[in-house]
Structures are given as C-alpha cells and as structure tokens.
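Please open the structure in the viewer and keep the sequence at hand. The tour proceeds by selection, one stop after another.

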Amino acid sequence: MNPVRRTAVALAAMVLLVVLQAAADPTGLLALVGWQGAELRFDLGLWPLAPYLVFIPVLLAMTWWTTLRAGNRFWTHVAGLVLAVLLAQAAACLAMTWDPAVAGWAAGFVAAKAVPAALIVALVTRWLGGQRNLVGHDAGSLWIPAAVLAVAAPLLAGHWWTGAVYAPGIPVARIDRGFTSSLVAMLLLAVCALPALRLVRARVPGVLGGWIAALVAGGAVGVVQGVVGFMVDGGFRGDIWPLMALYVAVADGLAFGACTGWMVGLVAVALDRRRVALPARVAVAATASAGAVALVLSLGLPGIMPRTGVDGAKNPAAPAMPAPFLRADGSIIADGDGNQVLLRGANVNQLVDFYQYDSALPVVRPLTEVDYSDMASHGFNVVRLNISWSALEPVRGAVNAEYLGRIKQAVAWGKQHGIYTVLDMHQDGWWNGPSPEDVACRPGTEPMWGYDGAPEWATITDGAPRCQFTGRDISPAGDRAFQHFYFDTDGIQTALAQTWGKLAGEFKDEPMVAGFDLLNEPGFGETAPVTTAHQLGAFFDRAITEIRAAGAPQMVFIEPSILWSGLGFDTGPIPGFTDDPNIVFSPHLYAESITMDRDLGIPPIVGMERQFQLAQRVADSYGAPLWSGEYGYWGESADVESRMARYAATEDQHMLGSAYWVWKQACGDPQNGVGSTGNGLMVQDCATGGDAAPQTVILDHLSRAYPMRTPGKLTSLAAQGPAFQLAGTTTARNCGLKMWIPGSAQPAVEGTGVTDIKATQVPGGWQLAACAEGAYTLRSK
C-alpha cells in the first residue's frame with residue numbers, strides 16, 4: 001500500500017475534474033466550480049472569490065484527508081469525497097454570508113454534483129492508486145455517538161428539513177414541527193446512526209470514521225423520509241414528485257451529516273481513548289438531558305419557544321389599516337369589512353420596456369381604457385400590471401414622470417372598471433440588452449435577444465458573455481448581473497428598494513392598488529440558495545421597509561426564484577425574512593407548461609394539481625395567503641382546453657385567485673418569438689397588426705362564475721361557466737357577498753343562510769349581491 005501515491009492520484013483526479021467541468025460547462029450550473037467567462041473582481045470582498053479561494057482549497061484538503069484515511073475501500077472513499085464536496089460548499093457559502101445556518105443548508109444543494117464527482121475520483125483512484133491494504137478496526141463506542149447525532153438535529157436544525165418537500169406526517173427533527181415529529185426523527189437518526197457507525201468505524205479510524213458515519217446516517221434518514229413522503233403525499237399522481245422529494249430529503253440529510261458529523265467523530269474518539277473528562281455515564285446523562293431539552297422546546301412552551309409558522313415564520317396580528325384597503329389576513333386576502341376577496345384576472349404587459357428585435361414590429365400593444373372595460377366584461381377584478389425599472393428610473397435616482405403618469409392612468413382605468421392593480425416590477429433575463437454582435441459564446445450556448453428589466457446603470461456583468469443556455473434565464477451575463485444585485489454591488493439593490501419606496505408613496509392613498517410585487521421571477525444568480533433564499537429575503541425586507549416608510553399600507557407580493565417556474569417548486573425566501581404580516585406568497589404556477597420537464601420530454605416533476613398543494617405549504621410557512629401571479633402559456637398544444645379546465649377546477653378547489661399570462665402580447669414582443677400571431681388572450685394578427693380571433697377556449701374558463709367577495713371565509717367552491725356552488729362561514733351577518741356570473745341569462749340561485757339576493761346585469765354577465773350569516777351555501781339552480 002502506498003498512501004502517497006493514492007492521495008496524489010485522488011488529488012490529481014479531483015483537480016482535473018474541476019478544470020474539465022469548468023471548461024465544459026458554460027453556465028457553472030453543473031460544474032463543481034463554475035467559470036462563466038466573467039472577469040475576477042478583487043474589490044468586492046470575498047464573495048466573488050469564494051469559489052476559488054475557499055471552495056477549492058477546502059475541497060482539496062478534504063480530498064487528501066478522506067483518501068488517506070478512507071481510501072482503502074471504494075465505498076468509504078466515495079462517502080468521504082461526498083463529504084469533501086459538501087464541506088467545501090458550506091465553507092464557500094459561509095464566506096459569502098457569515099451565516100452558518102444558511103451555509104450548512106446550502107451544502108445540500110450540491111449533492112447532485114458531489115455524488116458523481118466522488119464516484120469518478122474514487123474510480124480513478126482505485127484504478128491508478130496502487131495496491132490496497134484492507135485493515136479492520138474496532139468499531140468502538142456506538143450508542144453515545146449515535147445519541148449525539150440524534151440530539152444535535154433539533155438543536156442545530158437551522159434551515160434543514162424545511163419547504164414544500166416536507167409534507168405533514170414526514171418525521172422532521174425540527175423544534176417548530178412539534179414534539180411527535182421531533183421525537184420520531186431523533187429516534188430515526190439514532191437507529192440509522194448505529195449500523196452506520198458500526199460499518200464505517202470498523203473500516204475508517206479516528207474522527208473521520210464517525211464523521212462519515214454521520215453523513216451516511218443522514219442520507220439514510222432522507223431515504224426513510226422520502227418513503228414516508230411517498231405514502232403521505234399522494235405517491236405518483238401523473239408526475240415524478242416523489243423522486244424529487246426523495247432527492248431533496250437525502251440531500252438535506254447528507255448536508256446535516258456533513259456539517260455536524262465532526263461532533264460524532266470527536267465524541268467517539270474521546271470515548272474510545274477514555275480521555276473524556278467526565279465518566280461515560282455522565283456523558284450519557286448529559287446527552288439524554290440535551291435531548292429532553294430539545295423535545296421540551298418542541299412543545300412550544302410559552303416563553304421558551306413560541307409557536308410560529310411551519311418553518312418558524314413570525315405571525316403577528318395584521319396592522320391597523322384603512323377599511324378600503326385589501327390586506328393579508330392569515331391564509332386569505334380580505335377587505336376591511338370582514339370579507340374574503342378572490343383576485344382573478346390577467347397580466348398586462350403593455351407598459352413593459354421590451355427589447356425590440358425588429359424595428360418594424362412594436363414590442364407592446366397600446367394600453368387603453370377599452371382593455372379594462374373588456375377585462376371587466378369577462379369578470380376580471382385584478383390586473384397584474386407589469387412595469388419596467390428601466391423605464392421608471394432610466395437615470396439613477398430620478399423617477400421618470402412620463403412613465404409614472406402612464407402607470408397612474410392604468411390604475412385609474414382599473415379603478416373606473418372595478419379592477420384592482422398589483423404593480424409588478426417585471427424582469428426577464430435581468431435587462432433588455434441583447435448579445436453584442438461580436439459576442440463569443442462558449443460551446444453549448446448561443447447569442448440571445450434582450451428581454452426586459454433593469455436599467456443599464458444597474459446592470460453589472462463583468463464581461464460575462466450575453467449568451468443563453470436552453471433559454472433566456474440561464475445566461476452567464478444575466479447570472480452575474482443578478483449576483484451583483486443580490487450582493488448590492490454599487491448599491492443597486494438598495495437603489496431598487498428605494499425606488500419601490502418612491503413608487504409606493506405615489507399610491508399610498510389608493511385602495512384600488514392591491515399591492516406591490518417586488519420582483520418578477522428573480523434569477524438564481526450563481527450561488528443558489530444563498531441568492532434565491534437568503535439574499536432574496538434580505539432584498540424583500542429592505543424593499544418592504546422602504547414601502548412602509550413611504551406610508552403605503554398595501555400588501556406586498558413576494559415571489560420565489562425563477563426555479564419555481566422552471567421546476568414547479570423552489571425554496572423561496574427563508575421564513576422569518578420580514579416581520580411585516582401584510583405579505584402574500586406569489587409563485588407562478590406553470591406546472592405542465594413552461595417547466596423544464598416539458599422541454600426535456602420527461603414526465604412532469606410536479607403535476608398541475610400538486611403544484612397548488614406545494615405552493616400552499618410554502619405560503620403556510622410564511623403565515624401568508626397564496627396568490628399565483630402567473631400561469632397558463634400552454635402554447636398551441638391540442639390539450640390546452642383540458643389543461644385550462646384542470647387548472648380552473650383545482651384553483652376553485654383551493655379557493656384561490658390568480659392572474660393569467662397574458663392579456664395581450666404584441667408580435668414584436670421578444671417573448672412571443674417570430675410567428676404569425678401575437679399570443680395572448682386577445683390575439684394579434686402579425687400580418688395586419690390588427691386583432692385576430694381571441695382565445696375563447698381559455699376565456700370561457702377564465703370567465704366562469706366566482707365569488708369576488710364573500711363574508712367571513714370560503715370553505716368550498718366549484719364552478720363551470722355560469723354554474724357554481726360555494727359554501728362559507730361568517731361570525732356575524734354580513735352583506736358583502738358579491739358574485740360574478742357570466743352570460744346573458746339572469747342567474748337563478750338558491751342556498752342556505754343567504755338573504756337579500758339581488759342580481760344586476762353588467763357587460764358580459766351579472767353581479768350578484770347578498771347577505772350571509774353563520775354557515776352558508778349558495779349555488780346555481
């Protein structure tokens with residue numbers, strides 16, 4: 001056996017793998033260490049350099065140590081190399097954030113890179129590393145190290161085991177998930193740790209043996225959680241979600257083991273050598289006491305651990321607001337008169353500052369009052385009005401008065417027609433700049449159009465190529481621009497937060513502005529989840545602070561990153577990122593539409609129906625209502641109607657509102673591509689520039705009956721066309737019930753607990769008003 005040769009081979013293989021991946025992967029998404037072609041910046045602190053100055057040294061040091069101590073056997077070597085990659089990621093993210101909880105959690109996000117890299121390096125080492133000497137060791141102490149791992153879990157849970165993956169019923173070692181869940185998960189960790197310790201420590205000596213055993217135990221717990229999730233979360237329902245959930249659970253478990261397993265190794269070695277200051281029985285008592293403390297905390301005893309949202313989000317009472325303003329009230333959107341409000345409508349992109357790829361084709365269609373009267377005739381009561389930072393603030397620090405006037409005019413038209421406005425700071429691909437003519441795209445990427453978003457003064461790319469990989473949202477230049485935004489280079493994040501304060505101040509007295517959507521589909525930058533959870537939450541908190549300082553009381557709509565639109569789920573900002581209760585969680589529910597799985601031709605990762613369940617789970621972690629800011633865009637496939645029908649039925653089942661993408665889309669809109677029509681609900685004929693036949697198949701579903709406003713809270717809802725049935729409950733008599741019913745025929749309805757029913761004909765249908773008391777029902781005859 002030649003350990004020098006073996007470690008040299010492993011180090012050489014790891015270095016070569018890092019270099020080859022960086023050269024072959026133009027985006028950095030698949031490589032252990034990405035290089036997107038951007039210039040290195042030495043003037044911004046450690047975050048731009050962390051992948052090189054922190055990740056690589058830690059990776060190589062751990063590769064050397066794990067090869068030296070665990071490299072005799074292939075499977076222990078693989079596990080040790082996985083540990084090396086995860087720890088390198090945790091160290092790099094710690095250098096970026098100085099937040100150990102975020103850094104440890106982020107380690108799991110490279111599990112899919114760590115495992116194949118470990119397999120490759122271990123195989124090369126076994127092939128070229130020389131003769132092996134398989135020596136056995138005494139497994140030593142087992143019970144106390146296993147107990148240490150189990151007890152550490154709820155006390156050091158950080159951000160592990162949070163998010164949409166962990167359905168109720170899955171055992172999770174988190175204090176905020178309650179006593180039973182914590183106890184079962186701790187027992188599960190201990191049970192998995194015992195055989196892992198026995199197997200690994202008999203083959204890998206010292207601290208590393210216990211450390212690798214903790215890694216293996218964490219992964220094994222993830223497998224169990226995935227199996228339980230399969231049973232409690234509906235199994236395969238036309239999608240492959242159980243497999244994705246299994247992967248996430250295993251990745252969390254591996255990251256937990258990687259970041260806490262050193263304690264297991266130290267305790268095991270100390271007990272083996274009898275050098276611990278306290279007798280073993282005292283150590284046992286201390287471990288048991290710490291476990292008892294963790295379990296007591298999980299009960300949420302007053303003054304010890306106040307119960308919060310599922311993932312620890314605070315849930316203070318809603319602030320006092322003027323009655324006309326909508327507000328987040330627990331899990332629903334409500335008005336000031338005790339009514340639940342459903343906001344249903346469409347996106348309007350006719351004020352967006354898009355890139356113009358053809359000077360003969362306008363990028364947007366004119367926005368007029370007719371658009372609002374037409375939308376109202378379909379029963380829409382909300383517009384998500386897409387606006388562009390580049391048009392609002394083309395010169396830093398100065399809001400463009402003309403563009404602001406156009407926004408105010410749109411809000412006024414909406415108010416005139418009973419339509420609320422959600423102001424959405426829209427972006428796609430960060431900004432509207434296209435690839436320069438002389439761009440040199442790396443293999444696998446291609447030149448791209450610009451799209452929309454930030455002004456040029458807020459776009460910092462460090463020379464990364466403006467080239468796209470599979471689509472606009474994966475671009476070295478765009479990713480680097482988002483990275484700079486998240487880390488507030490040159491104060492650009494601060495600038496957008498301040499701009500939100502200025503804009504919100506203009507509408508602080510307008511109750512028909514339902515709220516502010518802070519940033520459309522935020523990009524993932526280069527280091528998710530540091531960017532997509534930690535830094536995104538920091539931006540949201542900063543913008544909310546500016547909005548409240550401006551005196552604007554409206555709801556704030558927060559979105560997860562673009563990964564949700566592409567995968568059907570994501571983490572979202574870390575719960576607790578703000579203590580403002582007037583927020584709404586607003587993912588874009590594009591499952592089975594523009595998601596990555598459809599592009600790849602594989603089964604849906606998340607099915608259309610399941611996406612509502614996952615989104616609600618995350619909304620609950622914030623203690624916030626759920627509202628989908630975009631959905632649809634099913635293209636020209638033959639099953640558009642069936643998909644729309646499924647979406648509508650599930651939306652009703654969950655009693656939610658949303659905004660369809662999109663009302664109108666011009667032929668020159670870069671998102672439209674080059675075609676014969678401008679795709680939207682109201683279609684444009686590109687040959688004439690005029691209107692083509694609208695998408696009546698979709699409009700018929702969007703225009704179905706629904707309660708715009710219901711006393712108290714809805715408990716059930718179903719509708720198709722003018723036919724509907726609903727139920728609700730209210731604590732006091734309330735005459736705020738307001739229904740939209742399409743069609744020319746006067747609706748005939750019946751119900752219980754509902755009186756003073758009055759139907760008024762309006763363009764496109766009827767509005768029905770009534771009073772309700774107690775538990776009530778209403779349905780069409």
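Begin by selecting G336, which lies in the loop between β2 (332–334) and β3 (339–341). The model in view is a predicted one. Is G336 buried or exposed? With a relative accessible area of 32%, G336 counts as partly exposed, because that term covers values between 20% and 50%.

Next, keep G336 selected and add the residues it touches. Beyond its neighbours within four places in sequence, G336 is in contact with A323, F325 and R327. Then select L326 and display the C-alpha atoms: those of G336 and L326 are 6.8 Å apart, although 10 residues separate the two along the chain.

Move now to helix α8, which spans residues 206–232. Within helix α8, select V223. V223 has a relative accessibility of 40% and is therefore classed as partly exposed.

Extend the selection from V223 to V227, F230, M231, V232, F236 and L243, and show the surface. Together with V223, these residues make a nonpolar surface patch of about 650 Å². Which element supplies the largest share of the nonpolar patch? Helix α8 does, with 5 residues.

Finally, colour the chain by pLDDT. The average for the chain is 93, and 94% of the residues score at least 70. Select residues 287–319 as the last stop: pLDDT stays under 50 throughout this segment. For residues 287–319, the model has 63 contacts beyond four places in sequence.

Note on methods
Residues are numbered from 1 along each chain as its sequence is written. This is a predicted model: local features need pLDDT of at least 70, side-chain atom pairs count only at pLDDT 80 or more; totals for chains, interfaces and linings use all residues. Side-chain values use heavy atoms; hydrogens and water are left out. Patches are made of residues with over 30% relative accessible area and no salt bridge: like charges are joined within 9 Å, nonpolar side chains (Val, Leu, Ile, Met, Phe, Trp, Tyr) within 5 Å. Accessible areas come from the Shrake-Rupley method with a 1.4 Å probe; for residues, only the protein chains shown count as cover. A salt bridge is a side-chain nitrogen of Lys or Arg within 4 Å of a carboxyl oxygen of Asp or Glu. Helices (H or I, at least four residues) and strands (E, at least two) are DSSP runs, numbered from the N terminus. Buried means under 20% relative accessible area, exposed over 50%, partly exposed in between (1.4 Å probe, protein chains only). Contact means heavy atoms within 4.5 Å. pLDDT is the predictor's confidence in each residue, from 0 to 100.
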